[in-house]
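Please read the following note beside the model. It covers the fold of one chain, one helix pair and the two DNA strands.

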There are 2 protein chains.
Amino acid sequence: MASACGCDHDPATWASRVKDACLRQGAQLTPLRRRVLDIFSGSAAPLGAYAILEELSRREGKQVAPPTVYRTLDFFLEHGFLHKIESLNAYAPCEHLDHAHHGMLLICESCGCSEEIEDAGVTRAIADSAADAGFALRRVMVEAQGLCRKCARDRLSASAAAVA
Amino acid sequence: MASACGCDHDPATWASRVKDACLRQGAQLTPLRRRVLDIFSGSAAPLGAYAILEELSRREGKQVAPPTVYRTLDFFLEHGFLHKIESLNAYAPCEHLDHAHHGMLLICESCGCSEEIEDAGVTRAIADSAADAGFALRRVMVEAQGLCRKCARDRLSASAAAVA
DNA sequence: CGCCGAGTGTTATGTTATAACAATGCGGCG
DNA sequence: CGCCGCATTGTTATAACATAACACTCGGCG
């Protein structure tokens, strides 16, 4: 499914890439997990655990309990298929399944979509800075809030129209 | 009070710097806020809202309700005296009161203490990277988990002892 | 006085996450 | 087949984090 916000990510290919990765790694992609995968595929924006819970309940036609969802999320997180966005308490597809990711997350405050970019310069700068402090890095999170390309453009043209 | 973890930050001078900043800015440092300040002064590690709540209740000798604590935290956050650490749901003193801070937080998984460092290289790399993506930054959060200098050293000497 | 606004108190509730234990399903193996 | 062991899922309850809504106090000021 195409992204609703006009950003250029594609959750649908993500789902199929996750399926491949499960096969390669021998990880079980059970019906439950597949359904959760589908739910992420249909959403351009990060999803909260309880949003997934509700959608899952709706699709299954019966009430699903929180641990079911959190266990499924844990599975995807452990395999590196999903990221947890701490500043939103939400979860989003990892767009770089293949390699270790110290990606930077750009979260649009207007359309709610998130984009994950990898930047060697950022990674290196953080590693250098931590090394200077004598700190042994294990996990790094970079989350930025702001306006994505499209929303920034829209806002500009809106204010231009207001001036005219 | 000295830091319990051996790291080289000093929450006590932080409290007095906050007091100065309140005077300069005309912000009211009420008894409640002062008590919360004292609680942070006595702790080397970030504090959760409910930890503050319990400590506050203990010191006041009567039960304090969550909104009281959260409002106080909001006051400090808005004035830039505290940071919220999203990955811990906890709050820590801002060690750079004077200037806008896009600091990077180093959180030790062993002793729990956190250190805030400012690094122009990191800031610049993130700004450049976001600009490349056409993303208008508004707020950036960098949180790293790992081992602080002291804990990394301790771990090293422990494993050396194990080998011997 | 009478009003206002900042701060705090109080009650209730919303949101996010986990603990603990039971049940199911499936493959291997005697 | 019957049993075991393991991964997964179901179920119940509760913990942990956060906010909404409204009441009350108190000091400043016309």
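The points below go from conventions to the fold and then to the DNA.

1. This is a predicted model, in which local features need pLDDT of at least 70 and side-chain atom pairs count only at pLDDT 80 or more, while totals for chains, interfaces and linings use all residues. Residues are numbered from 1 along each chain as its sequence is written, chains are lettered from A and ligands numbered from 1 in the order in which they are written, and side-chain values use heavy atoms, with hydrogens and water left out.

2. Chain A contains six helices and five strands, taken as DSSP runs numbered from the N terminus (helices H or I, at least four residues; strands E, at least two). Their order from the N terminus is α-α-α-α-β-β-β-β-α-β-α. Of its 164 residues, 44% are buried (under 20% relative accessible area, with a 1.4 Å probe and protein chains only).

3. In chain A, helix α2 (residues 31-41) packs on helix α4 (residues 66-78) at about 80°, the axes being 10 Å apart; axes are lines fitted to C-alpha atoms over the stretch in contact, and angles run from 0 to 180 degrees between N-to-C directions. The angle therefore makes α2(A) roughly perpendicular to α4(A) (65 to 115 degrees). Among the residues in contact are Leu32(A) and Phe40(A) of α2(A) and Leu73(A) and Phe76(A) of α4(A), where contact means heavy atoms within 4.5 Å.

4. DNA strand C is surrounded by 15 residues, the closest being Tyr50(A), Pro67(A), Lys84(A), Thr30(B) and Arg71(B); a residue is near a strand if one of its heavy atoms lies within 4 Å of it. Of the strand C atoms within 4 Å of the protein, 43% are sugar and phosphate. Phosphate oxygens of strand C lie 3.1 Å from a side-chain N or O atom of Tyr70(A) and 3.2 Å from one of Arg33(B). For Gln28(B), the partner is a sugar or linking oxygen at 3.3 Å.

5. DNA strand D has 17 residues around it, with Thr30(A), Arg71(A), Tyr50(B), Tyr70(B) and Lys84(B) nearest. A polar side-chain atom of Tyr50(B) is 2.7 Å from a base nitrogen of strand D. The side chain of Tyr70(B) places an N or O atom 3.2 Å from a phosphate oxygen, and Gln28(A) has a polar side-chain atom 3.2 Å from a sugar or linking oxygen.

6. Which helix gives the largest share of the surface near DNA strand D? That helix is α4(B), with four residues.

Methods:
Angles under 35 degrees count as roughly parallel, over 145 as roughly antiparallel, 65 to 115 as roughly perpendicular and the rest as oblique. A polar contact is a pair of N or O atoms within 3.5 Å; within protein, one must be able to donate a hydrogen and the other to accept it, and residues adjacent in sequence count only if both atoms are side-chain atoms. Buried means under 20% relative accessible area, exposed over 50%, partly exposed in between (1.4 Å probe, protein chains only).
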